[in-house]
Amino acid sequence: MHIKLTASALLALAFAAPQALAKGPASTANEAATARHYASLIAGEPKTAELTLFFTQMPKGGDLHHHYSGSVYAEQYVDFLDKQGYCLNKLTYRIETNKAVIDAERAKPAAERNCLSTAEVYADDYTYRELLQRWSNKDFANHGALQPPPDRLFFQTFGYFGPVSNANFREGLQELKQRAIGENVGYIETMFKMSPFVVNPDFDKLAWHNASDDKALDAQMGAWLAVLEQDAGFRQSTTDFVNKIHEAAAGIDDERFTMRFQTYVLRLLNPSQVFSSMVSGFKAAKMSDKIVGVNIVGQESTMVSMRDYALHMKMFRFLKARYPDVKIAMHAGELALGDVPPEGLSFHIDQALVIAGADRIGHGIDLAHESNAAAIMAKMRKDDIPVEVNLTSNAFISGIEGANHPITLYRKYGVPYVISTDDAGVTRHTLSNEYVLFASRYKPDYAEMKKTSYNSIRYAFLPVAEKQRLTRQLDSRFARFEANIASLAKLQAGAK
Ligand SMILES: [Zn+2]
């Protein structure tokens, strides 16, 4: 406890510094002009085109809830087809990976071929547009487009582009980096890859049996952890996993941009897979300064996710006690009324905080339905645990937006928050657009939007020195931005 207080006191000092810096009269005037300009954009009917211009240029610190494979746009995945020697089955829109089938297709005359290369996909507009409707939410809201249940469409996209998203990491990361620089984002913490796991049916059976007996479950996990730690194959798979991430990350960081990685477990798998994947995830995070945290992903409303939710939280508690300095961000409460029976909406954020010990909460949209909502908000506020808000994703997948989004509650009760993208490739947006949505719907003042940008560095899973570096970078980016907006405002005055 004492150590924790010292660390947070240190952080408070680190973050007091930029605010406390004496500003010159010019920068203070620019900031005030920017605040006035912004206020005029949200007054009355929000001027969304002008807000788009404003937020595309505004420095946005970092993106802390970001899935690598869901952030790459489908267009780039089509480019990856040729790179991997695959082709697209134009009847199913799935990627063909079987070499014998691909060779047989290539031997056919073009008119009879059902499997298309990258160039052939681009040349066939019908196939290309149909592909975009399956590999992303492109055209979803348009008349005549495919309209399966949006959550199903969303989660199925990963199956379509899976074969090419699990390779070509360097190209994928470079594109994400360039896009981030283009919209003035300096840091991304991406959920990159699932950490390796082992299948153990005996562990599964026993875990379900011990699910509500904490002592027996801890003993069971302790026993298998000891076995895994002696298992040369398991150790090697964790080392290989770390090396693969380092290989992919080579050449990404520079003075303009920094990227760090979270590993994750998939909550749809059996307990032994989830637990061993969590073990390798914690160990990988311990081994590498590029891997800064562990997460849990997968649709939360499925039968397995719901059945094993509490079990997964206890697994996190067990490993967090052994690796207290490994950070965990958790998808928790990404559920809307009707997704599951009502009692299923009543405890996920609570358990992620109280049992698992989450350092950040992802989504948290079932808040208003949770039995301990008030205590959750009090704890997040007191322990300085932020919620990661993903407006586009929540609106598309869960139908939660506007006054129905619990950001209204989090803000009202002083819970820190960050704005993030989730899967900007699948839902086809940008971090800038998330700021536009936030500003136009909730109309916070400029000071709050600026603080939100700084918060995405403050709550990053980075060492204090790195946060200080990125905070200083943000200071100078804001100084430039505010100077530009002040001149824009002058230009506007001149045009009148
Ligand atoms: Zn997510």
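**A long helix, two sheets and a shared core**

At 1.5 Å a residue, the 32 residues of helix 23 (residues 464-495) should span 46 Å, and the end C-alpha atoms of this helix are indeed 46 Å apart, so the two values agree. The expected span is 1.5 Å times one less than the number of residues in the helix. Helices (H or I, at least four residues) and strands (E, at least two) are DSSP runs, numbered from the N terminus. The structure is a predicted model, in which local features need pLDDT of at least 70 and side-chain atom pairs count only at pLDDT 80 or more, while totals for chains, interfaces and linings use all residues. Residues are numbered from 1 along each chain as its sequence is written. Among the buried residues of helix 23 are Leu470, Leu474, Phe478, Phe481 and Ile485, and the set also includes Lys467 and Glu482. A residue is buried if 20 or more other C-beta atoms lie within 10 Å of its own, exposed if 12 or fewer, and partly exposed in between, with C-beta atoms placed from the backbone.

The eight-stranded sheet comes next. Its strands form an open sheet in the order 1-5-6-7-8-9-10-11, and the pairing is parallel. Strand 1 (62-67) and strand 11 (417-419) are the edge strands, each pairing on one side only. From one strand to the next, the twist averages 30 degrees, where axes are lines fitted to C-alpha atoms, for helices over the stretch in contact, and angles run from 0 to 180 degrees between N-to-C directions. Two strands count as paired if DSSP finds at least two bridges between them. Although strand 1 is an edge strand, six of its six residues are buried, so strand 1 is largely enclosed by the rest of the structure. Four bridges join strand 1 to strand 5 (residues 187-194), and the two run parallel; here Asp63 stands opposite Ile188.

Further along the sheet, strand 8 (residues 327-332) runs parallel to strand 9 (residues 360-363), with four bridges between them. Ala329 has Arg360 as its bridge partner in strand 9. Between these two strands the chain passes through helix 17 (residues 348-356), making a right-handed β-α-β crossover. A crossover is right-handed if, with the strands pointing away from the viewer, the path from the first strand over the helix to the second runs clockwise. A second bridge partnership links His331 with Gly362 of strand 9. On to strand 10 (residues 387-389), which runs parallel to strand 9 and is joined to it by two bridges: Ile361 stands opposite Val387. Strand 9, helix 18 (residues 373-382) and strand 10 make another β-α-β unit that is right-handed.

Strand 9 also holds a backbone feature worth a look. His363 is found in this strand, and His363 has a positive phi of about 75 degrees although it is not a glycine. Most residues other than glycine have a negative phi. With 28 C-beta neighbours inside 10 Å, His363 counts as buried. Asp422 likewise has a positive phi, of about 70 degrees, and is not a glycine. Asp422 sits in the loop between strand 11 and helix 21 (431-442), and is buried, with 29 other C-beta atoms within 10 Å. In the loop between strand 9 and helix 18 lies Leu367, which is buried, with 28 other C-beta atoms within 10 Å. Leu367 and Leu335 are 32 residues apart in sequence, and their C-alpha atoms are 9.2 Å apart in space.

A three-stranded sheet is also present, open and antiparallel, with the strand order 3-2-4. Strand 3 (95-96) and strand 4 (115-116) stand at its edges with a single partner strand each, so one side of each is left without a neighbour in the sheet. Two bridges pair strand 2 (residues 87-89) with strand 4 in the antiparallel sense, and Asn89 stands opposite Cys115.

At the level of domains, the domain assignment of the protein gives domain 1 (75-135) and domain 2 (169-473); such bounds come from an automatic or database domain assignment. The centres of the two domains, taken over C-alpha atoms, are separated by 34 Å. The largest nonpolar core has 115 residues, of which Met278, Met330, Ala352, Ala358 and Tyr435 touch the most other members. Such a core is a set of buried Ala, Val, Leu, Ile, Met, Phe, Trp, Tyr and Cys residues joined through C-beta atoms within 7 Å. Helix 14 (residues 271-287) supplies the largest share of this core, seven residues. Both domain 1 and domain 2 give residues to this core, so it lies between them.
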